[in-house]
Structure formats: C-alpha cells, structure tokens
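This report looks at how helices pack in the structure shown below and then turns to its nonpolar core.

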Amino acid sequence: MGSEQTISMMQIFAILRKHIKMILGTTLVVTFAVAFVTFFVMSPKYSATTELLVNRKLSADMQSAQFQQTQADVQMINTYKDIITSPTVLKDVNKEVSNYPGYPGSMGALKSSISVSSEQNSQVFSVTAKASDPNTAAEIANLTAKVFKKKVVKIMSINNVSIVSQASINKSPVSPRKKLNLLAGIIVGLILGVGMAFIREITDRTVSSVDFLTNELGLTNLGIVSEIDQSEVKKRVFHKTKLHGNGNAGLTPQTSQRRV
C-alpha cells in the first residue's frame with residue numbers, strides 16, 4: 001500500500017512538473033482578470049453605522065417590573081428590524097436621498113444597502129448603510145434611524161427608541177477587498193491550472209514510454225524509431241550538399257573558363 005501511494009504521488013508530481021507552464025500561465029491570466037475587475041470595474045463601497053437603544057421609560061410604581069420590561073424590549077428588536085426595512089420607513093428615506101451622489105438607484109436597492117444587526121440580549125441595535133459615496137452612506141444611516149424613531153411611535157404606540165450615536169463619515173471603503181480578491185484569484189487560478197493539467201494528461205492517448213507498451217500492454221519491443229524534425233532534415237541535407245559542393249570546388253573555375 002505504501003509503495004502504491006508513493007508511486008501515485010510521484011506520478012502526480014510528474015504531471016504537475018510536465019504542465020508547470022500551463023499551470024503558471026492559467027494562474028497569471030486568472031489573477032490579472034480578477035485584478036482588472038477589482039481595480040477598474042468594481043465601484044468602491046463605503047459604510048456608515050448608527051446605533052439605537054430600545055428602552056421604555058417606566059414610572060416609579062413599575063420599577064419592580066424592570067427586568068421583564070427589559071426582556072420585552074430585547075424581543076421587540078426583532079420586530080423593529082422588519083419595520084426599519086419596510087416601505088413605511090424607506091419611502092421617506094428614499095425621497096430624501098434620491099438626488100445624493102452614490103444613491104443606490106431605487107428603493108429596492110436602498111433596502112439591500114441597509115442592514116440591521118444586534119447582539120444577543122442587548123437593547124442596542126445598529127443600522128448600517130452602504131453606498132458608493134461615504135457622505136451618502138452616513139446620510140442614509142442617519143435618516144433611516146431618524147424616520148424609524150418617528151414612525152415607530154405611531155406604529156407601535158410606544159415611545160421606547162432613542163438614537164445612541166449618529167453615523168459618521170468613513171472614507172475608507174469596505175469593498176472591494178483588494179488583497180482578498182487577489183489571493184482568491186491566485187488560488188482559483190492554481191486550482192484551474194492543476195485541473196486542466198490532469199484533464200489533459202487523462203485525455204492524452206499518446207504513448208510516451210516503452211515501459212507502457214511492454215509492462216502495461218504486454219507487447220514486444222522491436223525497436224525505437226526516432227522522429228526527426230523537418231528543420232533537422234533540411235539542416236542535414238544542406239550540410240551534405242555543402243560537403244559535396246566543396247569537393248568539386250577545384251573544377252568550378254575550369255568549367256567557368258570553358259564556358260567563357
């Protein structure tokens with residue numbers, strides 16, 4: 001079993017070494033393609049995040065129910081996530097930012113650019129907006145939080161949402177992740193190149209060794225006929241012609257004189 005595994009590994013390395021140029025070429029082509037798309041096609045995206053707090057104000061006689069109320073507010077966040085990305089809120093936000101640079105393009109795209117997240121058992125949740133302009137990303141996040149805070153009072157008849165921190169402008173793009181894309185291009189190129197090398201080796205029916213004929217097929221080796229390249233044939237013919245020409249070089253002047 002060990003020897004078979006060793007032979008198998010040797011064959012694998014032999015195939016890789018045989019097609020190393022194709023593997024490297026494929027890797028370079030894929031990497032350059034990914035780099036072109038990353039640097040010249042994909043638009044950079046910026047994100048901004050605002051945080052909101054869900055905390056209902058209780059009267060003095062309800063302080064004993066503080067824990068139960070806190071748990072209820074935490075559970076309420078799941079409902080608030082759906083309300084934030086609903087047309088009730090985004091319609092007003094979309095109207096305000098439709099003329100901003102880097103505007104996503106439609107209310108559907110605006111919804112896709114907004115994400116809501118929260119930590120487990122936390123009364124604070126975050127609203128993050130992405131856009132191709134950092135100022136617009138911050139404006140979308142802040143407007144979404146502002147409109148939601150106003151709308152939720154009418155929708156839920158509860159005033160328990162407050163804005164903890166507003167979104168600030170972040171001029172460092174969050175996508176595309178250039179280094180990660182290039183690394184992915186190299187890995188994909190290598191995998192593709194190796195795969196093509198093995199496919200070519202499997203589909204190649206050319207007999208390249210005498211051992212295959214004698215050991216695998218059980219045939220008798222009668223000899224080896226070497227293949228001579230066409231350029232080598234011309235070279236040999238030219239060489240022989242030149243030798244014969246030099247041997248008759250002494251007769252050439254006499255022949256020329258007779259003709260004159």
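The crossing of α2 and α7 is right-handed, as read from a model that is predicted. Helix α2, residues 20–41, packs against helix α7, residues 178–203, at an angle of about 150 degrees, and their axes lie 7 Å apart. Because angles over 145 degrees count as roughly antiparallel, α2 is roughly antiparallel to α7. Sorted by class, the contact of α2 with α7 holds 14 nonpolar, 8 polar and 2 charged residues.

A second packed pair is formed by α4 and α6, and here too α4 passes α6 in a right-handed crossing. On the α4 side the contact is made by Thr88, Val89, Asp92, Val93, Glu96 and Val97, while α6 contributes Ile140, Leu143, Thr144, Val147, Phe148, Lys151 and Ile155. These residues divide into 8 nonpolar, 2 polar and 3 charged.

| Helix pair | Angle between axes | Distance between axes |
|---|---|---|
| α2 and α7 | about 150 degrees | 7 Å |
| α4 and α6 | about 145 degrees | 9 Å |

The largest nonpolar core has 32 residues, and those with the most contacts inside it are Leu52, Tyr80, Ile114, Phe125 and Phe148. Two or more residues each are given to this core by β1 (46–54), α3 (66–84), α4 (87–97), β2 (114–118), β3 (124–131) and α6 (134–156), with the largest share, 9 residues, coming from α6. Phe125, leaving aside its neighbours within four places in sequence, is in contact with residues that include Leu52, Val54, Ile77, Tyr80, Ile84, Val116 and Phe148.

Note on methods:
Residues are numbered from 1 along each chain as its sequence is written. This is a predicted model: local features need pLDDT of at least 70, side-chain atom pairs count only at pLDDT 80 or more; totals for chains, interfaces and linings use all residues. Side-chain values use heavy atoms; hydrogens and water are left out. Axes are lines fitted to C-alpha atoms, for helices over the stretch in contact, and angles run from 0 to 180 degrees between N-to-C directions. Helices (H or I, at least four residues) and strands (E, at least two) are DSSP runs, numbered from the N terminus. Angles under 35 degrees count as roughly parallel, over 145 as roughly antiparallel, 65 to 115 as roughly perpendicular and the rest as oblique. A crossing is left-handed if the near helix is turned anticlockwise from the far one by less than a right angle, and right-handed if clockwise. Ala, Val, Leu, Ile, Met, Phe, Trp, Tyr, Cys and Pro count as nonpolar, Asp, Glu, Lys and Arg as charged, and the others, Gly among them, as polar. A nonpolar core is a set of buried Ala, Val, Leu, Ile, Met, Phe, Trp, Tyr and Cys residues joined through side-chain atoms within 4.5 Å. Buried means under 20% relative accessible area, exposed over 50%, partly exposed in between (1.4 Å probe, protein chains only). Contact means heavy atoms within 4.5 Å.
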